[in-house]
There are 2 protein chains.
Amino acid sequence: MPVISHRGALMPPSPIRKLVPFADAAKKRGTKVYHLNIGQPDIVTPQSILDAVRHTDMKVLEYSPSAGFESYRKKLVTYYKRNNIDVTSNQIIVTTGGSEAIMFAIMSCLDPGDEIIIPEPFYANYNGFSTSSGVKVVPIPSGIEDGFSLPSIESFEKAVTTRTKAIMICNPNNPTGYLYSAEELNVLKEICLKHDLFLFSDEAYREFCYDGKKHISALSLEGLDEHAIVLDTISKRYSACGGRIGAFVTRNQSVLDAAMKFAQARLSPPSFAQILGEAAVDLPADYFDEVHAEYTSRRDLLVKRLQAMNGVMCPLPGGAFYAIARLPVDDAEKFCQWLLEGFSHNGATVMMAPAAGFYATPGKGKNEVRLAYVLNRDDINAAMDCLEAALKEYKN
Amino acid sequence: MPVISHRGALMPPSPIRKLVPFADAAKKRGTKVYHLNIGQPDIVTPQSILDAVRHTDMKVLEYSPSAGFESYRKKLVTYYKRNNIDVTSNQIIVTTGGSEAIMFAIMSCLDPGDEIIIPEPFYANYNGFSTSSGVKVVPIPSGIEDGFSLPSIESFEKAVTTRTKAIMICNPNNPTGYLYSAEELNVLKEICLKHDLFLFSDEAYREFCYDGKKHISALSLEGLDEHAIVLDTISKRYSACGGRIGAFVTRNQSVLDAAMKFAQARLSPPSFAQILGEAAVDLPADYFDEVHAEYTSRRDLLVKRLQAMNGVMCPLPGGAFYAIARLPVDDAEKFCQWLLEGFSHNGATVMMAPAAGFYATPGKGKNEVRLAYVLNRDDINAAMDCLEAALKEYKN
């Protein structure tokens with residue numbers, strides 16, 4: 001019998017899906033499950049961009065160019081310009097979701113055995129894509145006590161080896177919600193320049209910054225043209241996760257040339273959702289205002305409720321739509337499973353993502369969970385009622 | 001300055017895109033270019049399946065499950081059943097095009113340094129995906145003199161080493177159009193069983209078989225449940241290349257488990273085109289009759305015209321919509337470039353894919369081209385007029 005590959009065996013299973021069978025079983029028993037475990041926004045996809053797809057009159061659903069439709073890439077130039085990112089359409093490769101942009105960056109810049117430094121906790125699939133491509137993730141700690149701010153320059157310096165090729169950040173951060181400051185980005189810039197490292201900046205949540213803070217793109221940092229690669233997606237921005245459209249953006253021509261070869265091998269990104277993405281660039285300027293207000297109020301509610309619970313710690317996230325909370329439990333994964341298996345409150349329970357899955361260092365984040373505030377305020381309140389009651393019951 | 005990866009440097013550029021700048025220049029000069037170089041069908045995408053996308057009433061464009069919508073996978077079960085392939089919906093992972101299915105197979109079954117045997121000439125991107133994943137392609141020759149039939153069992157036996165993990169075929173074949181017989185598939189089965197090898201069978205062109213011949217799927221071969229993996233796509237079947245929907249199908253549970261982890265890392269396949277793919281399963285049974293008749297008449301015309309040219313050899317392909325022709329030239333790539341740069345006939349010229357790009361062995365296929373008969377008969381005739389005139393002019 002033929003056997004699977006080592007990388008197939010080593011590939012980490014998705015940490016946020018482990019609990020899915022327990023959630024399914026809870027629903028079968030008639031328990032309502034509040035899903036705070038995944039970043040699937042409930043915000044409706046703008047009608048006008050769905051209509052752009054509905055009103056297509058193509059005769060043949062052809063391959064698009066490997067880099068994506070030229071008309072879409074030209075539109076994206078104006079989108080990026082509005083966000084203080086000056087790039088040309090030839091510096092953009094349209095990808096199949098942000099996932100493919102991450103993969104193109106790793107494949108184009110790192111070889112098996114090379115190392116990438118990532119502040120932990122981090123988006124779990126960075127680990128998956130690194131494993132699948134033989135790249136070693138070197139985590140450096142950011143802590144809940146410091147609100148998940150950028151690790152010190154010393155932590156980075158200590159982590160750099162001859163095999164280090166890149167630093168990866170997610171800004172604003174999934175899973176912590178942390179928004180990096182200008183000072184922190186300058187620290188990263190100095191390290192990248194000093195050690196000749198690429199800076200991969202996952203900016204999926206660019207528009208989701210709160211309290212008047214502004215997002216700074218890695219491509220807005222001066223002097224980093226050869227180092228900065230932005231990994232982007234329309235998934236969260238326009239509630240268009242199922243479209244599978246992202247972008248790989250850099251001014252480094254050698255990197256673009258390499259990434260284009262990976263892009264050509266898979267032929268093209270999906271056509272329909274490129275049409276949707278192109279229409280999205282024309283959404284009225286105030287589109288994000290409402291979305292923004294909605295997420296701000298959800299965040300405020302969620303964090304207020306969490307902070308009011310005995311023994312719970314939850315720093316106020318500055319961006320994205322995630323928060324990490326430390327719970328007064330020994331093992332958050334066991335607790336999350338118990339919530340689904342053995343608990344209900346008013347006929348409902350809550351599903352959260354155990355945060356350990358976002359840390360690369362074994363044992364870290366064991367009593368932390370990630371909560372995605374992708375539900376409306378009523379549901380968040382009800383979910384927090386569940387959690388509060390559950391913590392009381394679990395302790396006893 | 002940071003440098004790109006070795007794999008990024010080693011990654012082969014797409015052989016069918018090399019000549020694109022010359023074609024663009026020809027068009028700029030006002031020369032009409034007949035595109036026989038790529039497998040982009042001109043057949044209209046069935047109205048009813050495009051309408052399925054146009055009539056969606058979703059509110060949120062959500063992630064689909066990583067394995068694809070359950071409703072689509074269940075429909076696919078009926079599609080496969082009609083094609084003598086008995087599988088359950090859990091044995092199907094919906095992929096982003098056939099490309100991703102190829103990648104999942106390589107990643108799930110082979111490690112860097114492992115070897116995959118592929119009869120050459122073969123679909124060039126097999127090379128790309130192997131390079132990107134560190135896998136070594138071991139080509140064994142199929143020849144134009146034998147009409148590109150399966151290499152002898154001795155060729156396979158000679159190529160097997162301790163690192164061989166899989167054999168890959170494309171059936172019917174791109175680029176040769178060859179359709180493997182039951183006897184040939186049994187030879188492959190015996191080799192796979194004897195050496196514990198996976199059999200990757202790319203069946204993108206399953207419906208495109210001519211002269212009353214029937215397609216036999218690797219998943220219809222008895223006793224090969226643990227070895228056979230079918231790589232599939234709706235791209236050519238329904239003229240839906242831009243949808244980017246394919247499938248990874250196997251009965252081997254360990255392989256499915258591994259592939260699911262790669263699928264989860266990239267979250268989900270595109271939603272819109274899954275809706276299109278689901279509608280396609282309900283197309284009337286006679287849908288392929290017309291398509292089939294059209295391709296048959298194109299093939300017959302193309303091959304007749306080629307065989308009538310002095311010094312040209314072109315075996316009659318039994319499937320797909322490609323033919324390989326040997327031309328009376330020293331270097332087909334130079335000739336193809338000259339066709340675009342220095343030739344026109346009645347204001348037109350023809351673009352073909354130099355076949356050397358489909359061979360892994362250096363020097364092979366140097367005087368061969370691949371022609372995709374994806375144009376209507378009038379255009380094929382006009383393109384053959386160009387080629388005939390060009391061969392006369394080029395020789396002098």
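How many Å separate the centres of domain 1 and domain 2 of chain A? Taken over C-alpha atoms, the centres of these two domains of chain A are 25 Å apart.

Some ground rules before going on. This is a predicted model, where local features need pLDDT of at least 70, side-chain atom pairs count only at pLDDT 80 or more, and totals for chains, interfaces and linings use all residues. Residues are numbered from 1 along each chain as its sequence is written, chains are lettered from A and ligands numbered from 1 in the order in which they are written, and side-chain values use heavy atoms, with hydrogens and water left out.

**Two domains in chain A**

Domain 1 of chain A covers 6–44 + 287–393, and domain 2 covers 47–280; the bounds come from an automatic or database domain assignment. Domain 1 puts 39 residues into the contact and domain 2 puts in 34, where contact means heavy atoms within 4.5 Å.

On the domain 1 side, the elements giving two or more residues are α1, α11 (287–307), β9 (322–326) and β12 (368–372) of chain A. Helices here are DSSP runs of H or I with at least four residues, strands are runs of E with at least two, and both are numbered from the N terminus. The largest share, seven residues, comes from α11(A). By type, the domain 1 side splits into 25 nonpolar, eight polar and six charged residues. For that sorting, Ala, Val, Leu, Ile, Met, Phe, Trp, Tyr, Cys and Pro count as nonpolar, Asp, Glu, Lys and Arg as charged, and the others, Gly among them, as polar.

Three salt bridges cross between the domains of chain A, each being a side-chain nitrogen of Lys or Arg within 4 Å of a carboxyl oxygen of Asp or Glu. A:Lys364 and A:Glu120 form a salt bridge with their closest N and O atoms 3.9 Å apart. That pair ties together distant parts of the chain: A:Lys364 sits in the loop between β11 (353–354) and β12 of chain A, A:Glu120 sits in strand β3 (residues 115–120), and their positions lie 244 residues apart in the numbering. Over all chains, the structure holds 48 salt bridges.

**Chain A against chain B**

The size of an interface is often given as the accessible area lost when the parts come together. Here that means the area, with a 1.4 Å probe, that two parts lose on being put together, summed over both. The table sets out the values for the two interfaces.

| Interface | Buried area | Share on carbon and sulfur atoms |
|---|---|---|
| Chain A and chain B | about 6,200 Å² | 58% |
| Domain 1 and domain 2 of chain A | about 3,000 Å² | 63% |

Chain A and chain B each bring 79 residues to their contact. In chain A, A:Pro2, A:Arg7 and A:Tyr63 lose the most area to chain B, together 12% of what that side buries.

What holds for polar pairing? The rule finds zero salt bridges across the interface of chain A and chain B, but it does find 50 residue pairs in polar contact there, both residues at pLDDT 80 or more. Between the domains of chain A, the count is 15 such pairs. A polar contact is a pair of N or O atoms within 3.5 Å; within protein, one must be able to donate a hydrogen and the other to accept it, and residues adjacent in sequence count only if both atoms are side-chain atoms.

Several helices of chain A give two or more residues to the side touching chain B, including α1 (6–10), α3 (47–54), α5 (97–109) and α10 (271–280). α9(A) gives the most, with seven residues. The residues on this side divide into 40 nonpolar, 25 polar and 14 charged.

**How the copies relate**

Chain A can be laid on chain B with an RMSD of 0.0 Å by a turn of 180° and a shift of 0.0 Å along the axis, superposed by least squares on the C-alpha atoms of residues with pLDDT of at least 70 in both. The two copies are therefore related as by a two-fold rotation axis. In chain A, A:Arg54 has the C-alpha nearest the axis, 2.0 Å from it. The same surface serves both copies, with 100% of the contact residues of chain A recurring in chain B.

**Backbone oddities**

A cis peptide bond, with omega about 20°, joins A:Asn174 and A:Pro175. A:Pro175 is in the loop between β5 (164–170) and α8 (182–195) of chain A. A:Arg244 is not a glycine, yet has a positive phi of about 65°.
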